[in-house]
Amino acid sequence: MLPSQSAHEPAALDAPANLRELFFAFNRLSLQGFGGVLPVAQRELVERKHWLDKQQFIEMLAVSQVLPGPNVVNLALMFGDRCFGLRGAMTALAGMMLAPLVVVLVLTALYGQYSHHPLVSGALRGMGAVAAGLVISTGLKLFATIRRNPMGRWPALAFAVLTFVLIALLRWPLVWVVLGLGSLAMAVAWYFIGRSEPRQ
Amino acid sequence: MSGAELLGLFGHFLLLSLLAVGGAITTAPDMHRYMVTEQHWLTDAQFTSSIAIAQAAPGPNLLFVAVLGWNTAGPIGAFATTAGILLPSTVLSLWATRWGSQRRETRFVRSFTNGLTPLTLGLLLATGWILAEPYVRVAQYRWGALGLVAITVLVMVRTKVSPMWLVALGALAGVLGLV
């Protein structure tokens, strides 16, 4: 099944032609993903390949975030499954994991010898700061999806800000934020969706 | 490491997989408790550097799990932890996705996804904050790090440059002592 073409996004989307293209797309985005794959996934899948629109991407991300397991891995599984079923899911997962796994294990072997070198720790610091900026810019770009949320712009914005405060500033455990604030947000969405579409 | 210990390692990561709501990194404190404090397989420093290496390498952050396994028991350890953290969540999320996509126009599924998207946006910004905070807290690195974050955001929002080049820029700035 292809990603559904949402009514609010008339622009036609592309799709991977075969498993090979899917594998190398995820291989490519994963190998570019220093300090996290998410920003690259957004750029490659939404902006470069047009396999998903912004709305579909944030929806997939939202679902992969509440499911247990690594977010980007869930995202790869979901996307692969939508395109080619189970084979697609496994292909996307393999594309995302295999090459980086080899790279990181080689680095592990090398690291022991150079860990205390000031150039190495300086480079790690610089890359860390950029990784932070990448995640922030991904969040900022996806903020456009808030306007289309059925609960309305302001309630949606309030939930986003509250999540930031609870997680980043107060350091609450994620599971409580998702269960507590998440349930409340779902209830609010449920109410507004019901109000905009009178019961049949 | 004995076969029984290896099985224990695998089993522990199977369990953590199901608790890893919001990403594998959220279970790192519990991995630390198990591998360092309880079993003494790794030292504190080994644990921290395992995560740092995975952050610096390309690929999903989840790979720190493979590095932890490798440092505990070599290749077989890396296999045990990686397979353990992936298996349960993969099965569950494939099942849940299929269930949800057949019902994606229902009020329940629409409330679920639309309720959670604002939280996801907040979480992305929170992750950025948490990654930047250790550098910003230290006066010596503060302005360099903030500068790099700002440049990155600007370039990502305004251009289509690959993030890879920005990471290279960050590494260079670090080597030159600007951060």
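Two residues are in contact here if their C-beta atoms, placed from the backbone, lie within 7 Å. The structure is a predicted model, and with that criterion in hand one helix pair of chain B can be described residue by residue.

In that pair, B:Ala132, B:Tyr135 and B:Val136 of H5(B) meet B:Tyr141, B:Arg142, B:Ala145, B:Leu146 and B:Val149 of H6(B). By class, the residues of this contact between H5(B) and H6(B) comprise seven nonpolar, no polar and one charged. Helix H5 (residues 107-137) and helix H6 (residues 139-158) of chain B have axes 7 Å apart and pack at an angle of about 150°; because angles over 145 degrees count as roughly antiparallel, H5(B) is roughly antiparallel to H6(B).

Between the chains, the contact draws 93 residues from chain A and 85 residues from chain B. On the side of chain A that touches chain B, the elements giving two or more residues include helix H1 (19-31), helix H4 (71-114) and helix H7 (174-196) of chain A, while the largest share, 22 residues, comes from H5(A). The classes on that side of chain A are as follows.

| Class, side of chain A that touches chain B | Count |
|---|---|
| Nonpolar | 62 residues |
| Polar | 25 residues |
| Charged | six residues |

As for confidence, chain A averages a pLDDT of 86, and 92% of the residues score at least 70. Among the elements of chain A, the highest mean pLDDT (95) belongs to H1(A) and the lowest (86) to H5(A). Over residues 1-9 of chain A pLDDT stays under 50, although the model has 18 contacts beyond four places in sequence for these residues. Where pLDDT is low, the predicted coordinates should not be read in detail.

Notes
Residues are numbered from 1 along each chain as its sequence is written. Chains are lettered from A and ligands numbered from 1 in the order in which they are written. This is a predicted model: local features need pLDDT of at least 70, side-chain atom pairs count only at pLDDT 80 or more; totals for chains, interfaces and linings use all residues. Axes are lines fitted to C-alpha atoms, for helices over the stretch in contact, and angles run from 0 to 180 degrees between N-to-C directions. Helices (H or I, at least four residues) and strands (E, at least two) are DSSP runs, numbered from the N terminus. Angles under 35 degrees count as roughly parallel, over 145 as roughly antiparallel, 65 to 115 as roughly perpendicular and the rest as oblique. Ala, Val, Leu, Ile, Met, Phe, Trp, Tyr, Cys and Pro count as nonpolar, Asp, Glu, Lys and Arg as charged, and the others, Gly among them, as polar. pLDDT is the predictor's confidence in each residue, from 0 to 100.
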